[in-house]
Amino acid sequence: MAGYDGREVNEHGADQIRRLVVVSNRLPVVLSKSAGGWRSEPGSGGLVTAIAPVLRNRGGLWIGWPGTAGREDLSGALDRATRDVGYSLVPVSLDKEEVDQYYRGFSNEIIWPLFHDLQTKCNFDPLYWDTYREVNRRFAEVTRDHTAPHDFIWVHDYHLMLTAQNLRALGTEARLGFFLHIPFPPLDIFVKLPWRREILRALLSYDLVGFQTLRDRRNFVQCLIALLPGTSVRGRGQVCQIESGERAIRSGAFPISIDSRQFESDSASHDVAESAWHIHENLPDRQIILGVDRMDYTKGITDRLRAFRRLLERHPEHRDEVTLVQVVVPSRRGIPGYESLKIEIEGLVGEINGQLTGPSGKVPIHYIYRALERTELLGYYRASEVALVTPLKDGMNLVAKEYCACSLEENGVLILSEFAGAAAELQRGALMVNPYDIAGVADALHKAVTMRPDERHRRMHQLRQSIKQHDIFWWVDSFLRASIERDLSSFPVVEDYVPGRRPAV
Ligand code: ADQ
């Protein structure tokens, strides 16, 4: 039987990975064109921070699209970036048509909405599928050319679900892992995908398929059992074994996290404290309720604005006491649905501010549409009494974890959607809400802004403990360990969350 066979098993788990090769849609660098040619700056973010030391220590490499359409010569910029980051960066070039059909089309007009349960937003154009297959094959060819049998190849996210299948066809023997950053949908939604069996079979070409939560893994297993008869599953813990046809693979729930200590120490800096002070200075005697999201219809921004309006309508006493700061970072411009969402959000902000600004002239919603510098973002996290994180569906949602890591005085309140992957770990400290239930979210807001200090402290302390315990380094280590460790029972039980169920207190 092909697939996982326990090679190189060792109790030190990730230490036994000889060389790590990361493959993702985008390279972890930001390229910009200047008069002297292309310049590059290393990317930031938790994933890069956590994986970079493993790549540096083992002479690893990162393969991905550099983010520019066309076949421009980026070698000088990438060589310099390679020297800066300490591991190799290998580009996969894409032309404009490929970017349109593989990235904008198949990935973001089909898989993104479908996997977030929003099938009515899908455009199942068969041309997108053809290009998706071609580009996945290209990623596989570049990866084959730069890897050896003892490498561990770790492929990330929904853009590259077919890469392992192509690598196997090209003769790659290396161990292959895949992590899906977005949710995996339930069977009755997944079956709408015209290429449902092809995608499932392709995922079975990996040795380890990782998801954010047990919910996602359960959905994946249900789809396999229904669509590929003869599939069987062993083990119910964090990592299980799946047998299907000729393949035996592992699958696990690995909730991604943040570099919580870095967030904590950065948010304790003088610059962040000053930024937080300025933010509150401009909103004196008010509690700040904060929303921070990429512009995306899955983030539930319009329902959230309606819930805030209802809070102020039902509790006029809060009108001079609270302000909603909604920060939105521009994202995926040019993809259908995103421009109209911006218009809808901005119309609603204007409508609510027009309706509820009182004689004091204080505006209920402050709307910011741009990417924030890290100091400013952390300043908002520190300054805000409440974080309102209400996606309609989300793989994990790192904003929820970042807010808690920055709540140094442990006095912030997190309101969290039941449909965020983070719900499983954060259900005990957060106020859990159904983001579609506008009245319920308004009630949670009322509860948050009137919560006693001791309850705020107790809840936030619990949230911070769980985020510290399972940070991004734990996440990288447990994924790599799951690919090589023989004894699956050594993996801890990860928490589950079933929406609608009473939260465990
Ligand atoms: P995203 O959908 O992008 O990620 P999320 O996990 O919330 O969602 O991460 C957003 C990141 O962008 C955060 O680190 C946040 O700090 C940053 N950000 C948001 N608004 C910003 C602003 N205005 N300025 C600056 N920075 C801003 C996908 C999945 C998620 C999953 C992650 C990681 O959709 O479910 O948690 O991958 O796996």
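**Reading the contact between two domains**

Tutor: In this predicted model, domain 1 and domain 2 bury about 1,400 Å² between them, with 59% of that area on carbon and sulfur atoms.

Student: Which three residues supply more than any other three of the area that domain 1 buries against domain 2?

Tutor: They are W112, H116 and R215, which supply 34% of the area on the domain 1 side.

Student: Where do the two domains lie along the chain, and what distance separates their centres?

Tutor: The domain assignment places domain 1 at residues 14–253 and domain 2 at residues 260–469, and their centres, taken over C-alpha atoms, are separated by 31 Å. The contact itself takes 18 residues from domain 1 and 15 residues from domain 2.

Student: How many salt bridges are there between the domains, and which residues form a salt bridge?

Tutor: A salt bridge is read from the distance between a side-chain nitrogen of Lys or Arg and a carboxyl oxygen of Asp or Glu, which must lie within 4 Å. The count between domain 1 and domain 2 is 1 salt bridge, and D117 forms a salt bridge with K393, where the closest N and O atoms are 3.1 Å apart. As for polar contacts, the count between the two domains is 6 residue pairs, with both residues at pLDDT 80 or more.

Student: Which element gives the largest share of the side of domain 1 that touches domain 2, and how do the residues of that side divide?

Tutor: Helix α3, residues 96–115, gives the largest share, with 6 residues, while the residues of that side of domain 1 divide into 8 nonpolar, 5 polar and 5 charged.

Conventions. Residues are numbered from 1 along each chain as its sequence is written. This is a predicted model: local features need pLDDT of at least 70, side-chain atom pairs count only at pLDDT 80 or more; totals for chains, interfaces and linings use all residues. Side-chain values use heavy atoms; hydrogens and water are left out. Domain bounds come from an automatic or database domain assignment. Contact means heavy atoms within 4.5 Å. Buried area is the accessible area (1.4 Å probe) that two parts lose on being put together, summed over both. A polar contact is a pair of N or O atoms within 3.5 Å; within protein, one must be able to donate a hydrogen and the other to accept it, and residues adjacent in sequence count only if both atoms are side-chain atoms. Helices (H or I, at least four residues) and strands (E, at least two) are DSSP runs, numbered from the N terminus. Ala, Val, Leu, Ile, Met, Phe, Trp, Tyr, Cys and Pro count as nonpolar, Asp, Glu, Lys and Arg as charged, and the others, Gly among them, as polar.
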